[in-house]
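Please open the structure in your viewer and keep the sequence panel visible beside it. The tour below proposes one selection after another and states what is to be found at each stop.

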Amino acid sequence: MKRACVIGWPVEHSRSPLIHRYWLKQYGIDGAYEKEAVPPGEAEAFLRALAERDYVGANVTLPHKLAALQAADVADEAAYAIGAANAVWLDSAGKLNATNTDAAGFMANLNEQAPQWNASRQPALVIGAGGAARAILYALLEAGAAKVLLTNRTSERASALADYFGPMSVTPNWVEVVDWKNRSLAVGECGLIVNATSLGMTGEKPLELDLARLREDAVVADIVYAPLVTPLLAAVRDRGRATVDGLGMLLHQAVPGFERWFSVRPEVTPELRSHVAASLGSA
Ligand code: NAP
């Protein structure tokens, strides 16, 4: 029997077991998926001893994504570029491999929920400069977006991210920092707007964004998935504009890990979505 797990601190809130156990059952695989609470500072040692713990791989959540990259013998381009890993597996030689599936998960979800979106609908506005924003910038860059406006409460973090991705882009201004207080002004310029902050999450304040300038063809994505319909998405829907919720990203980012560990590429189906949405209090 193959076993995988998710490591985090805390890890109790993780929806990954719900997703992977659903797939194990659906595909009739003799496998298991566990939660492992690993304290800060102990992730590298935990991941280096995966085989001894009888695991073939793991998902990695906060605060261990950097440690996972550091622990890996081999990391792919996405993990290096994003500077963090969220899935690891042991290869046939026993080497620890790492990847970051957040970028691919974000893009797969965007393409599924808003197929009308394309990289040439410019520019995009990314709100936030944390780990998730980093993955989204990478995803947009990979998708060929020509310009991204980036805004964050702490402007130094936005500038650092823009500097980091700038050299990878077509022009040095590919990622342009917008002052946090001017974020609503930037809305009117953009065909795609992404909330990559934790604002709007259950228990957090909503993201304040004036939608008066929102373009008719704009797509607004929120990567927060609890609640499924954030205050931002509700306001965008009230205006009749297209929205993309964060649950699909969560489901799609899980696909590559499961495929590595259990040798089946699982599907993100409406049934899986309902199954996980039910745990968020909204089906
Ligand atoms: P993170 O690295 O801690 O970054 C948090 C971001 O939110 C930063 O940009 C931070 O701004 C901003 N922020 C927090 N509180 C704020 C406030 N009161 N006012 C303004 N900005 C605030 O977290 P992360 O890993 O990027 O995750 C961000 C969110 O995305 C979380 O809710 C997470 O659950 C969600 N997420 C979803 C998926 C998915 O699959 N759907 C995947 C990854 C993450 P400062 O820099 O100024 O602090």
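## Stop 1: A loop between two helices

Select S263, which lies in the loop between helix 10 and helix 11. The model is a predicted one. Is S263 buried or exposed? Its relative accessible area is 57%, and because exposed means over 50%, S263 counts as exposed. Although S263 is not a glycine, its phi is positive, at about 60 degrees.

## Stop 2: The helices on either side of the loop

Now select residues 247-262, which are helix 10, and residues 270-279, which are helix 11. Their axes come within 11 Å and cross at roughly 115 degrees. The crossing of helix 10 and helix 11 is right-handed. To view the contact, display L247, G248 and L251 of helix 10 together with L272, R273, V276 and A277 of helix 11. Sorted by class, the residues of this contact are five nonpolar, one polar and one charged.

## Stop 3: A second partner for helix 11

Keep helix 11 selected and add helix 1, residues 16-26. Helix 1 and helix 11 pack with their axes 10 Å apart, at an angle of about 145 degrees. The crossing of helix 1 and helix 11 is also right-handed. On the side of helix 1, the contact involves L18, I19, Y22 and W23, and on the side of helix 11 it involves E271, L272, H275, V276 and S279. The contact of helix 1 with helix 11 divides into six nonpolar, two polar and one charged residues.

## Stop 4: The six-stranded sheet

Next, display the strands numbered 1 to 6. These six strands form an open sheet with mixed pairing, in the order 2-1-3-5-6-4. Which strands stand at the edges? They are strand 2 (31-37) and strand 4 (74-75); each has a single partner strand, so one side of each is left without a neighbour in the sheet.

Move through the pairs in turn:

- Strand 3 (residues 57-60) and strand 5 (residues 87-90) are antiparallel and share three bridges. Here A58 has V88 as its bridge partner.
- Strand 5 and strand 6 (residues 96-99) are also antiparallel, with four bridges. V88 has A98 as its bridge partner in strand 6.
- Strand 4 and strand 6 run parallel and are joined by two bridges. V74 stands opposite N97.

Select the turn between strand 5 and strand 6 as well. The two strands form a hairpin with five residues between them, and G94 in the turn has a positive phi of about 85 degrees.

## Stop 5: Helices lying on the sheet

Return to helix 1 with the sheet still displayed. Helix 1 lies across strand 1, strand 2 and strand 3, and runs at about 170 degrees to strand 2. Helix 10 also packs on the sheet, where it touches strand 1, strand 2, strand 3 and strand 5. The direction of helix 10 makes about 145 degrees with that of strand 1.

## Stop 6: A strand covered on both faces

Select strand 11, residues 219-222. In a regular strand, side chains alternate between the two faces of the sheet. Both faces of strand 11 are covered: V219 and A221 are buried on one side, and V220 and D222 are buried on the other. Strand 11 pairs in the parallel sense with strand 10 (residues 192-195) over four bridges. It also runs parallel to strand 12 (residues 242-244), to which three bridges join it. A221 stands opposite V194 of strand 10 and opposite V244 of strand 12.

## Stop 7: Unusual backbone positions

Select W9 and P10, which are joined by a cis peptide bond with omega near 5 degrees. P10 is placed in the loop between strand 1 and helix 1. A cis peptide bond also joins A226 and P227, where omega is about 10 degrees. P227 belongs to the loop between strand 11 and helix 9.

Then select D54, in the loop between helix 2 and strand 3. D54 is not a glycine, yet its phi is positive, at about 70 degrees. At 47% relative accessibility, D54 counts as partly exposed.

## Stop 8: The length of a helix

Finally, select helix 5, residues 102-113. Its 12 residues, at 1.5 Å a residue, should span 16 Å, and its end C-alpha atoms are indeed 16 Å apart. The buried residues of helix 5 include D102, F106 and L110.

Definitions and conventions. Residues numbered from 1 in each chain as written. Predicted model: local features only at pLDDT ≥ 70, side-chain atom pairs only at ≥ 80, totals over all residues. Heavy atoms only, no water. Axes fitted to C-alpha atoms, helices over the stretch in contact; angles between N-to-C directions. Left-handed = near helix turned anticlockwise from the far one by under 90°. Contact = heavy atoms within 4.5 Å. Nonpolar A, V, L, I, M, F, W, Y, C, P; charged D, E, K, R; others polar. Expected span 1.5 Å × (residues − 1). Buried < 20%, exposed > 50% of the residue type's maximum accessible area, 1.4 Å probe, protein only. Pairing = 2+ DSSP bridges.
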